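Subject: Structure handover

Hello,

Here is the structure for your files. Please open it alongside this message, as the notes below refer to it throughout.

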Amino acid sequence: MVRLLMLVTSVAAPVFWFGGKDVRSEGPIWTVGLAELIRQPQANEAKMVAISGVVQDWRSVLGLGGVQLGDDAGRQILVVGWTSLPAPETSVTITGTFRMALTVEPVQLPIVTVDSNL
């Protein structure tokens, strides 16, 4: 299952990242928790969001640095686009564009892409 998610991520992330158009929201930045993003992904699709959490692990998707960001309840989201990765177990707040990269019930792969480290 993890390999499937990483494969889909490796395909989906570059599409969002290098897709040839700016997919960032023109509106305000929404401060939202991981629970809200995962529970109602359609309401936050393509919005600029600010989320806080603890870095669980590092990820790399086709050369893009990324982290698995988690909260106290065990929910996680993939954040890609970092140029310098924060250390695991570091508390961070990031701002980026939310996307539901994959939904194949019951599997969901939410990601946030960032333009730079914030």
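What follows is a short account of what was found, from the whole chain down to single residues.

Please keep in mind that this is a predicted model.

**The chain as a whole**

The chain has three helices and six strands. From start to end, the order is α-β-α-α-β-β-β-β-β. The chain has 118 residues, and 42% of them count as buried. Take the contacts with a separation of 6 or more: residues 24 or more positions apart account for 52% of them. The accessible surface is about 6500 Å². Carbon and sulfur atoms make up 57% of that surface.

**The β3 and β4 hairpin**

Start with strand β3, residues 64-70. Seven of its seven residues are buried, so the strand is largely enclosed by the rest of the structure. Both faces take part. Leu64, Gly66, Gln68 and Gly70 point one way, and all are buried. Gly65, Val67 and Leu69 point the other way, and these are buried too.

Which way does β4 run against β3? The two strands are antiparallel, and six bridges join them. Strand β4 covers residues 76-82. Two pairings are worth marking on your view. Gly65 stands opposite Trp82. Gly70 has Gln76 as its bridge partner.

Strand β4 is also largely enclosed by the rest of the structure, because six of its seven residues are buried. Between the strands of this hairpin there are five residues. In the hairpin, Gly74 takes a positive phi near 90 degrees.

**Ala35, beside the hairpin residues**

Ala35 lies in helix α2, residues 34-39. Leaving aside neighbours within four places in sequence, Ala35 is in contact with Asp71 and Arg75. Its C-alpha atom is 9.1 Å from that of Gln76, although the two residues are 41 apart along the chain. Gln76 is the β4 residue that partners Gly70. Is Ala35 buried, exposed or partly exposed? Its relative accessible area is 23%, and the limit for buried is under 20%. Ala35 is therefore partly exposed.

**Asn44 in helix α3**

Asn44 sits in helix α3, residues 41-44. With a relative accessible area of 7%, Asn44 is buried. What does its side chain reach? It reaches the backbone oxygen of Gln40, at 3.2 Å. Not counting residues up to four places away in sequence, Asn44 touches Glu36, Leu37 and Phe98.

**Ile111 and Leu37**

Leu37, one of the residues that Asn44 touches, also comes up in a second pair. Its C-alpha atom and that of Ile111 are separated by 9.8 Å. Along the chain, these two residues are 74 apart. Ile111 belongs to strand β6, residues 107-113. Its relative accessibility is 1%, so Ile111 counts as buried.

**Two positive phi values outside glycine**

Look at the backbone at Ala46 and Glu89. Phi of Ala46 is near 65 degrees, a positive value in a residue other than glycine. Glu89 also has a positive phi, near 70 degrees, and is likewise a residue other than glycine.

Where do they lie? Ala46 is in the loop between α3 and β2. Glu89 is in the loop between β4 and β5. How open is each one to solvent-sized probes is a matter of their accessible areas. Ala46 has a relative accessible area of 23% and is partly exposed. Glu89 has 60% and is exposed.

**Rings and charges**

How many aromatic pairs does the structure hold? The count is zero. One ring does have a charge over it. The charged end of Lys47 sits over the ring of Trp30, 4.8 Å from the ring centre.

**Where to look**

For a quick tour, begin with β3 and β4 and the six bridges between them. Next, go to Ala35 and its contacts with Asp71 and Arg75. Then move to Asn44 and its reach to the backbone oxygen of Gln40. End at Lys47 over the ring of Trp30.

Best wishes

Terms used: Residues are numbered from 1 along each chain as its sequence is written. This is a predicted model: local features need pLDDT of at least 70, side-chain atom pairs count only at pLDDT 80 or more; totals for chains, interfaces and linings use all residues. Side-chain values use heavy atoms; hydrogens and water are left out. Buried means under 20% relative accessible area, exposed over 50%, partly exposed in between (1.4 Å probe, protein chains only). Helices (H or I, at least four residues) and strands (E, at least two) are DSSP runs, numbered from the N terminus. Two strands pair if DSSP finds at least two bridges between them. A polar contact is a pair of N or O atoms within 3.5 Å; within protein, one must be able to donate a hydrogen and the other to accept it, and residues adjacent in sequence count only if both atoms are side-chain atoms. Contact means heavy atoms within 4.5 Å. Accessible areas come from the Shrake-Rupley method with a 1.4 Å probe; for residues, only the protein chains shown count as cover. Rings of Phe, Tyr and Trp (its six-membered ring) pair if their centres lie within 6.5 Å; planes under 30 degrees apart count as stacked, over 60 as edge-to-face and the rest as tilted. A charge sits over a ring if NZ of Lys or CZ of Arg is within 6 Å of the ring centre and within 35 degrees of the ring normal.
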